Amino acid sequence: MLLLVLMRCKFNLLPLLAFFLFFTATIRAEFIWIEGEKPDVNKMNRHPWWYDQVKKDQFSGGDFISNFNKDKAGEAEYRFVAPKDGQYEFWVRANPLQTKLSYSLNGSAEAAIDLAREKRDEINVAGDGKPDIRFLAWSKVGTVSLKSGQNKILFRMASANNNHGYLDCFVFSTEPILPRGSTKPDAAGEDSKKLANDNKGWLPFDPKRDPFRSDAAMDLRFLNEKFAGEHGFIAVRNGEFIRSGDGQPLRFWAVNGPPHELKGEALRDCARMLAKHGVNMVRIHGGYFDSNGEVDTAKIQHAFEMVDAMKAEGIYTHFSTYFPLWLTPKADNAWLPGYDGKKNPFASLMFNPDFQKQYRKWWTALLTTPNPATGKPLTEEPAVASVELQNEDSFFFWTFADNNIPDAEMRILEKMYGDWLAVKYGSIEAALQKWKGQKAKRDVPQEGRVGFRPLYNMFTERSVRDQDTAQFLLEVQTKFYADTKAFLRQLGLKAPVTPSNWTTASPEYFGPLEKLSYTAGDFIDRHGYFDCNQKGPNSEWSVRDGQTWSDRSAYRFDPPAPGKSKEFFHPAMDVHYNNMPSMISEITWNRPNRFRSEAPVYLAAYGALQHSDGIMHFALDGAHWSVKPGYWMQPWTLMTPVMMGQFPAAALIFRQGLIKTGDTMAEVDLNTNDLVHLKGTPLPQGAALDELRLKDVPQGTEIKPGQHINPLLHFVGRTDVRFVSTPGTTKLKDAKPYIDTAAQTVASSTGELKLDYGKGVLTLNSPTAQGLSGLISTVGKAETRDLTIESKMELGNIIAVPLDGQPIATSSKILLQVMSEEKESNREVESVSANVNKMTALGKDPWLFKELQGTVRFKRADAARLKVIALDLNGYKKADAGTAVEIRLQPDIVYYLITQ
C-alpha cells in the first residue's frame, strides 16, 4: 500500500520578517498528499525517452507517473486512508496540455477532470526547455466525499494525442487551499521564509484563499448595486453613462475578463473578488462562433453563466464579440471567399455583405437565445451595459493593405469604390482625369474597379485621389456601424453601442476620421498600452526567456527606447468627442516594467480629472494571484500586487470622483469637410511628441492651422472635440498657471494633482484623496492637506482615501493603501546596456513585492483618537497598529484601516 502523507497542520504567528501577514491565526487543517509515482496498481505505458525527458527537480518527490502510447490508455490506482468522513477539496498536479484525465473514486462512475479549471502554476518541464506538450500545472477537480478509513481512486489517461499525460501528485484537503508547485500545505510557511531569505528586501505576496467573510474591513462590494441592473438599463445622457431607472451617473472601473475557463463556484468567487476590489464592469472578450465561423451554442450558454455570476455581485457586462484575429477562414468558405485558412479577415466585415449576414447570426444567437436561468434573452437583461461592434480593425490602420486582403475580397470593395466615383464624377474616367492620372496598381476601370493607394502615401501626399479615398472609406465604415447598430436595435438591444476602439496609421490625419465614424454609435471607445521596449520573438504578446526590455516611467514621460528625449504622450490622455461618453476598453502598463506600480493610481487620478467614463484594465487572465497563468508570462496579467493589489483605493478615486473633473482646457471644432480633405487635427490623439517638438508648441491660447495643442493640457483638465459643418475653430484656456516646463511640473486646474515629471512623482491633494505615487524617495517629506508623508521607498504608492465618502479631515473610516514594486520569484535577469535588461529565466509563483517603508502622520486634532488597524492581504484585521499620530509603515502591510 502506498505510504501516504497524512498530517495535521498547525501554524503559529511568525515573526514579522518571517511573514506573519500570511498566517494571521492558528490554522488547523487536514490534508492527504499522494505522490503520483507510487500507485498501488500501475497500468501506465511510459514513453521510452522523449516524453519523460523532463526537469525532475520541478516534480514533487523528484518523480512522477506518465503515459504516452498511441494505442493504450494509461491507468493507475491508489489506496489511501482518510482520517474522517467528510467533504474534501481535491486538486491534481498533472499535464494540462492536450490531455484527457479522468478519475473514479471508490468505484464511482468515471468522471472527466477539467484541467483548465482554476489552473495554477503552469510550468514548462521539458528538459530541453522547448515549448511542446511537456507541461505541469495544478488543477482543481472540485469537492469530493471521502469516507473514514480506506479509500481508493483510479486515474485514467486517454487523450487523442497518444493518450499522453503526467501525474505528479494529488491532494485532498478539509479546508480550501491554493497549492503551489511541489510545496505541501504544511510547508508553505517555511517556503515563504526561505523566499524572503533568498530575496533580501522582498516579501512573498501569496494570500490565502479569501473566505469572503462579512468582517472584512477592506471590501468595496458596497459601491455596487445589489445586482447589476437594479436601477434599470444603462443609458447615455449629457455625455455620461447613467442608470435609466433613477438617472444616476456612473463610471466603470472594469477589467477584461473573467477568465473564460471559470465556471460554477470558481466563477462566482471571481465575481465576488472583483466586487471586493472595486470593479463594477467586465468586458467579456471572445467570439460566439467555432473555428468554421458557425454559431457556437456552448459559448453562448457560458456567456449567460458569466453575466449571471457578475450580475449577482453588481458587476455589469460589456460584450466584445468579434476580432479578426479570432477567425481564419478556410478556402471553401462561402461567405468569405479568397481565404486559405491562414489569413485573418481584416476590414472585410465592413464591406462584404455575405460576411455581414453571418456576423449578424452571431449577434442574433447571443442576444435572442433565452437564458435558461431566467427565461429571458440578453436583450432584456439590464446587467448587459454595452456592446462593441468590432475589436481593433479599421480601414485607416496598416492592416488595410493588398497583402492582407485576398483578391476576391478586394474586388468587392474596389467595385464599390468605382460605383461611388461614378456617382460623384459621372464616370471613373472623369475621376481619373480629376486626379491628373494618378494611379494605383489594382485599378481596373474597364471592370468598374478602382484600387487603393497605400495608407502611408495617402497621409503623407494627401492628393485629390487620397482625399476621395478617405471620404469613401469613411462613408463605408460609418455606414457599417450605423447599419449594425440599427440591426441590434431591431433585435431589441437597449444597451449603448460603441463601434470600435482602434488606432490608425496617422493620428493627425486618419485619427479624427476614425473617431468621426464612431459617432454612429452611442459612446467612444479606444485602447492604449504603455509598453516597455520589449524585443525578441513573440514579444508583442508574451514575455519569454531571451527577450529584452527597458524599465519606463509614465510619470517622467520616459521615451520608448533609452537615451531618447522625453515623449509627451500617454494612452491615458483622454478626449471627449461630440459630448459622448469616453471609454478605454483595454489599457495597462506592460510587464516586466518595474514602473507598473504607477498604473492604478495614474489611471484613476487622471481618468477622474478628464472625466473618463470607463477604464477597463487588461487583462484578468487568472482569478488567483498567479505569476504565470500560461507557460509564458502574459505582459498584461492583472492579478499582481501592484495592479489588483492597488485597485481598492484607485477604484474609489475614479468611481467616486475623489479627484474632481478639471476645467475644459481645449475646445476643438473639426470641420468634417476639412477632415476628409485630410487637413488633420491640432489634437492628434496617439501622436508622440518629444521634448524637442514640445518647444515648438504654442504656449498661449492661439492655435494656427498646422500647429499642435500642448499635450500637457491633458494633465491640467478636460479636452473636448466636436465634429461640425461650420468652420473649424480651437479655443484654449491659458495653461501658463499650471504648466511649468522649466521646473518640469504640471498641475491640474483643480489644484488637486501635481505631476513632477522631472522627478517622476504624482502628488494627490484633494479633500478626499491624498498621497504620493511614483519615485517617492525623491520627495523627502511631503505635506498634503491632512497628511505628512515620508518614505525612502524608491518606487512606491502611499494613498489615503475615505471609505465613508467624507473628507479625510473628518472621515471616521479611512483606507491607507501602500505598495512598492513587484517581481516574480526566481526571476533571473542580466543587464545588456544602460536600462536594457534581458530575461534569462522566467520567474514563478509566488509574486514578490519590495518591502514597504515610511511614515504617515495625520494632522487632524483628533489623530491620537484615530485607531490604526493593520489588515491582511484579503482585508481582514490582522493587528492593532497604534494611532494616526504616527503610522510607521510595516514591511508587509498593504492596507490599513483608520477609524474612530
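At 30% relative accessibility, Asn578 counts as partly exposed, because the partly exposed class lies between under 20%, which is buried, and over 50%, which is exposed. This residue belongs to a predicted model of a protein with 13 helices and 46 strands. The points below begin with Asn578 and a second asparagine, and then turn to the whole protein, a helix, two groups of strands and two unusual peptide bonds.

**Two asparagines with positive phi**

- Asn578 sits in the loop between strands E23 and E24, and its phi is positive, at about 50 degrees, although the residue is not a glycine.
- Asn238 likewise has a positive phi, near 50 degrees, and is a residue other than glycine; its place is in the loop between strand E14 (234–237) and strand E15 (240–243).
- Asn238 is classed as exposed because its relative accessible area is 65%, and the cut-off for that class is over 50%.
- As background for these angles, most residues other than glycine have a negative phi.

**The protein as a whole**

- The radius of gyration of the protein is 29 Å, which agrees with the value near 29 Å that a compact globule of 900 residues would have.
- Taken along the principal axes, the box filled by the C-alpha atoms is roughly 90 × 75 × 60 Å.
- Of the 900 residues, 62% count as buried, while the accessible surface of the protein comes to about 33000 Å², with 49% of that area belonging to carbon and sulfur atoms.
- Among the contacts in the protein with a separation of 6 or more, 73% are between residues that stand 24 or more positions apart in the sequence.

**Helix H4 and its surroundings**

- Helix H4 covers residues 353–368, which makes 16 residues, and from its first C-alpha to its last it reaches 22 Å, close to the 22 Å expected at 1.5 Å a residue.
- At the N-terminal end, H4 is capped by Asn352, which has a side-chain oxygen 2.9 Å from the backbone nitrogen of Asp354.
- Which residues of H4 are buried? They are Phe355, Gln356, Gln358, Tyr359, Trp362, Trp363, Ala365, Leu366 and Leu367.
- In thinking about such a list, it helps to recall that an α-helix has 3.6 residues a turn, so residues three or four places apart point the same way.
- The cover over the buried residues of H4 includes two helices, H3 (297–312) and H8 (464–491), together with strands E18 (316–320) and E19 (384–388).

**Strand E27 and its partners**

- Strand E27, residues 718–724, is mostly covered, since six of its seven residues are buried.
- Strand E26 (residues 664–671) runs parallel to E27 and is joined to it by seven bridges, with Thr664 standing opposite Arg718 of E27.
- Strand E23 (residues 576–577) is also parallel to E27, and two bridges join this pair; the partner of Tyr577 in E27 is Val721.
- Asn710 lies in the loop between helix H13 (691–694) and E27, and its side chain reaches the backbone nitrogen of Leu712 at 2.9 Å.
- Asn710 counts as buried because its relative accessible area is 6%, and the class requires a value under 20%.

**A four-stranded open sheet**

- Four strands form an open sheet in the order E34-E35-E42-E45, and their pairing is antiparallel.
- The edges of this sheet are strand E34 (781–783) and strand E45 (887–888), each of which pairs on one side only.
- Strand E42 (residues 855–858) is joined to E45 by two bridges in an antiparallel arrangement, and here Val856 has Ile887 of E45 as its bridge partner.

**Two cis peptide bonds**

- The peptide bond from Gly257 to Pro258 is cis, with omega near 0 degrees, and Pro258 lies in the loop between strand E16 (252–256) and helix H2 (264–276).
- Arg591 and Pro592 are also joined by a cis peptide bond, with omega about 0 degrees, and Pro592 is found in the loop between strand E24 (582–589) and helix H10 (599–609).
- For context, most peptide bonds are trans.

Key:
Residues numbered from 1 in each chain as written. Predicted model: local features only at pLDDT ≥ 70, side-chain atom pairs only at ≥ 80, totals over all residues. Heavy atoms only, no water. Buried < 20%, exposed > 50% of the residue type's maximum accessible area, 1.4 Å probe, protein only. Pairing = 2+ DSSP bridges. Polar contact = N/O pair within 3.5 Å; in protein donor to acceptor, adjacent residues only side chain to side chain. Expected span 1.5 Å × (residues − 1). Contact = heavy atoms within 4.5 Å. Rg over C-alpha atoms; globule rule 2.2 N^0.38 Å. Areas by Shrake-Rupley, 256 points an atom, 1.4 Å probe, with all protein chains shown as cover.
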